[in-house]
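User: I'd like to learn how to read a few features of a protein model. Can you walk me through them one by one?
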Amino acid sequence: MTYQLSQKDFEPDVFSLKDYIERLARLNPETGIGVLSKQDFNARALLDTFNECLRTLEHLGDRNEHRVKKLEELCKTQEKEQNGRLGNLDRLYQDSFADFEALENRITLVATKVVYLGDQLESTNSKRGKAEEARDILLYLNEFRNKHSSSADIFKEANKIHEAAVAIVKLNALAGELPLTSEHFEVRQRIAEKYAKIEVELVRKFSASFRSQNTQKMKEYANSLMLFPTKGYEDCIKFFIEESLPSEKETAGYSTAQQMITHVEMKCEEVYKLVMGVFENPEQPLMKFIQELFTTVVKKYTLKHLKPLKSKDNDEYLRILHDLYTKTVKLVERLKRLEPYVDCSSLMKTARSGIFGEYLADYVSFEAGNLQERCDQMFQEFSDSEGIPKKEKPIRVLFRKSNTKIAPEDIQIAQDVCATLLDLSKSAITRCKDLCWEKDVPELLQKIYFTLMDSLCLDHFVGTLDAVVQAFPGSEPKEEPNIPFFEIVNQVNMYVHLIDKEFNTRITKSIHYPKFIRSCKEKRYQVMKVLEEKINSGIEKYMTVMIGWAKHLLTVHQHKSDFRSDETTEVKETEACRLVVEYMKKCHQLIADYLDGRNVGEVSMEFGLRFFYLIYNNVLEFQYTLSGGIVLICDLTEYTKLVTSFKIETVTSLFVSLRSICNLLLMQPEHIKGHCATELSLFDNQTLNHIIQLRVDYKTARIAKLQ
């Protein structure tokens, strides 16, 4: 049995040795392999199948090897033929390259000779042309010498005015070389008259071409006028500039500064295109036009809008000055695209000195003085609105008018004034960076910062803190104090942070002189020191007042009967405890809400310690029955819950310890000594004895004093 095997069976993407062997095994149904085979497995048949397949594969391999040998021989033959063709091509290339080099050398030689001949011809022609030109000039001069002779044709015909301009300029130069004798005086005079006449005529024709918008004619006349640099060309440029400037009607119709700047920019673009098409050297006319445009349009607009405001509305004056200046600077920046025909550095000098010079000369003193004046004015207005009597210096403390003693709750920070002054200072800093010379920036920024620190911090904040502290009640108030002290402290902190942010983000980055930075930091240190002293003093007095009111609550509402009762039916905290806890919770909430950072912890610590000593001393004021001791423990539990919310571990531990010691009021007398020795060994005996002696049965039960 012969098996048909194909080359495709061994393709790399398809061939699998295992699958291939399985397929060969199933080719012969006599092997008994496969689902469809009905015979048992026959190893001999399988061996015969494999042997037959091997012989077939050997035959296929021999045939492929023979084909490979034939292909190799064919490739070698083709390779030999190809190498022969490449050798022939290489020889042809070498011959062609040699011919090309020879041709190139020949062309170079011929070109050199042609250039040489051209130079010779040009030199000969130039000499001939100069000779002819000299001849013509001498003929023209001879005609001007003969006063009865008519002028040459080029001086008569209008269409030859350009040739006439060239000739008359040369004649004028030649006339200057003539001897200063009476014989040549009339010649020079006639030449000068013709020179002036042609010059005027060229300017007139240029003007007519400008009005008719004939750019080509304008260019021709402008080029001819360049031969008359002293007057004719200058008159040409002057006329061009005057006619190109916007009319009075156009400049009077600007409703906003942006409209004016936009129109100026459009005019520059329009004239730039015209100048580039008319003048051979566009730099001079274009630059003169833009400078004149700035002077006649921007300067007039600035004068019209700034002059009236300087003595009436300083804020509006500074705003408009800054707005106009920055818009003009941005316009100059945009005109850089016209370089190199426009010198933007020169334009910037024109803008700063020629247009804004008189306003920038006193800007530094004006800005600083205006900020100080606005501070005084705004505080005075608020003082007047609150009914505060006027003094030589504006009052910086704001409170409501009253015929009685000033109540603390009537004192307030002028938040609207503070916010407005911060906005004014930001605007002043922005203007300072844009309008000042670089050397003047540090000085003005320092003045702005000092004004803020003095007016807001030293005058207003310190004055307000002093006023609210002076309005505090005594250390033992008879009514619950309603003091906005912490609110004021919080507002002061907020505005101080805003001033610091302004200093760090805007002022420090703009001052590159260590001297001024150091001066500003010293000023801040001095002001912060004063504020901290005032705030610390106020907090000290405020805590005294708060503890004083808590003491008053205990004095009024805490009775001996609270702790001498023998009833045990319903035991709970006393009314005094409830009132004190409620008040102290409110006080501490103010501390937590209005102080920030570590100040909360430090003030809460001091507040908690003072509260502890108040409660401890209050405990020592009474004697306690068994039921009274339970009531006291209830009170102390409430106090402990309260101080736990302070999140001050030291204060919490003090109240926990006090409650532990007060448990001695609940023990049987015979257990006290042992309990103190084991559970309360960390406390000194004097403290324990003080608590033990508060028991009603201390004497009757003959409780021994701890040694």
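User: Let's start with a single residue. Where is the place of P340?

Analyst: Keep in mind that this is a predicted model. P340 sits in the loop between α10 and α11.

User: What is the peptide bond from E339 to P340, cis or trans?

Analyst: General idea to begin with: most peptide bonds are trans, and most residues other than glycine have a negative phi. Here, the bond from E339 to P340 is cis, with omega near 10°.

User: And phi? Which value does Q213 have, positive or negative?

Analyst: Positive: phi of Q213 is near 60°, and Q213 is a residue other than glycine. You'll find Q213 in the loop between α4 (182-211) and α5 (215-225).

User: Back to the two helices around that proline loop. At what angle do α10 and α11 pack?

Analyst: The usual way to describe two packed helices is by the angle between their axes plus the distance between those axes. For α10 (residues 314-334) and α11 (residues 344-355), the angle is about 165° and the axes are 10 Å apart. An angle over 145 degrees counts as roughly antiparallel, so that's the label for α10 and α11. Their crossing is right-handed.

User: Which residues in α10 and α11 meet?

Analyst: From α10 you get Y325, T328, V329 and V332, and they meet C344, L347, M348, A351 and R352 in α11. Sorted by class, that contact has 7 nonpolar, 1 polar and 1 charged residues.

User: Let me try another pair. How do the axes of α15 and α16 cross?

Analyst: At roughly 170°, with the axes of α15 (residues 441-470) and α16 coming within 11 Å. That makes α15 roughly antiparallel to α16. On the α15 side, the contact residues include L445, Y449, M453, L456 and F461, while those of α16 include F485, I488, V492, Y495 and F503. By class, the α15 contact with α16 has 18 nonpolar, 1 polar and 1 charged residues.

User: Now the empty space. What volume does the largest pocket have, and which residues lie nearest its centre?

Analyst: For a pocket, go through volume, then lining, then chemistry. The largest pocket here has a volume of about 610 Å³. Its lining has 22 residues, and N493, E532, I535, N536 and N599 lie nearest the centre. Elements giving two or more residues to that lining are α16 (485-507), α17 (514-557) and α20 (598-619).

User: Which element gives the most to the lining of the largest pocket, and what is the lining like by class?

Analyst: That's α17, with 9 residues. By class, the pocket lining has 10 nonpolar, 4 polar and 8 charged residues.

User: What about closed spaces? How many cavities of 30 Å³ or more are there?

Analyst: The count comes to 1 cavity of 30 Å³ or more. The largest cavity has a volume of about 30 Å³. Lining it are D315, E367, N370, L371, L424, A428 and R431. Two elements, α13 (363-385) and α14 (415-435), give two or more residues to this lining.

User: And how does the lining of the largest cavity split by class?

Analyst: It has 3 nonpolar, 1 polar and 3 charged residues.

Key. Residues numbered from 1 in each chain as written. Predicted model: local features only at pLDDT ≥ 70, side-chain atom pairs only at ≥ 80, totals over all residues. Heavy atoms only, no water. Axes fitted to C-alpha atoms, helices over the stretch in contact; angles between N-to-C directions. Helix = DSSP H or I, 4+ residues; strand = E, 2+ residues; numbered from the N terminus. Parallel < 35°, antiparallel > 145°, perpendicular 65-115°, else oblique. Left-handed = near helix turned anticlockwise from the far one by under 90°. Contact = heavy atoms within 4.5 Å. Nonpolar A, V, L, I, M, F, W, Y, C, P; charged D, E, K, R; others polar. 1 Å grid on protein atoms, 1.4 Å probe; cavity = no way out; pocket = protein on both sides within 12 Å on 5 of 7 lines; lining within 4 Å. Points joined across faces, edges and corners; volume = space filled by probe spheres on them.
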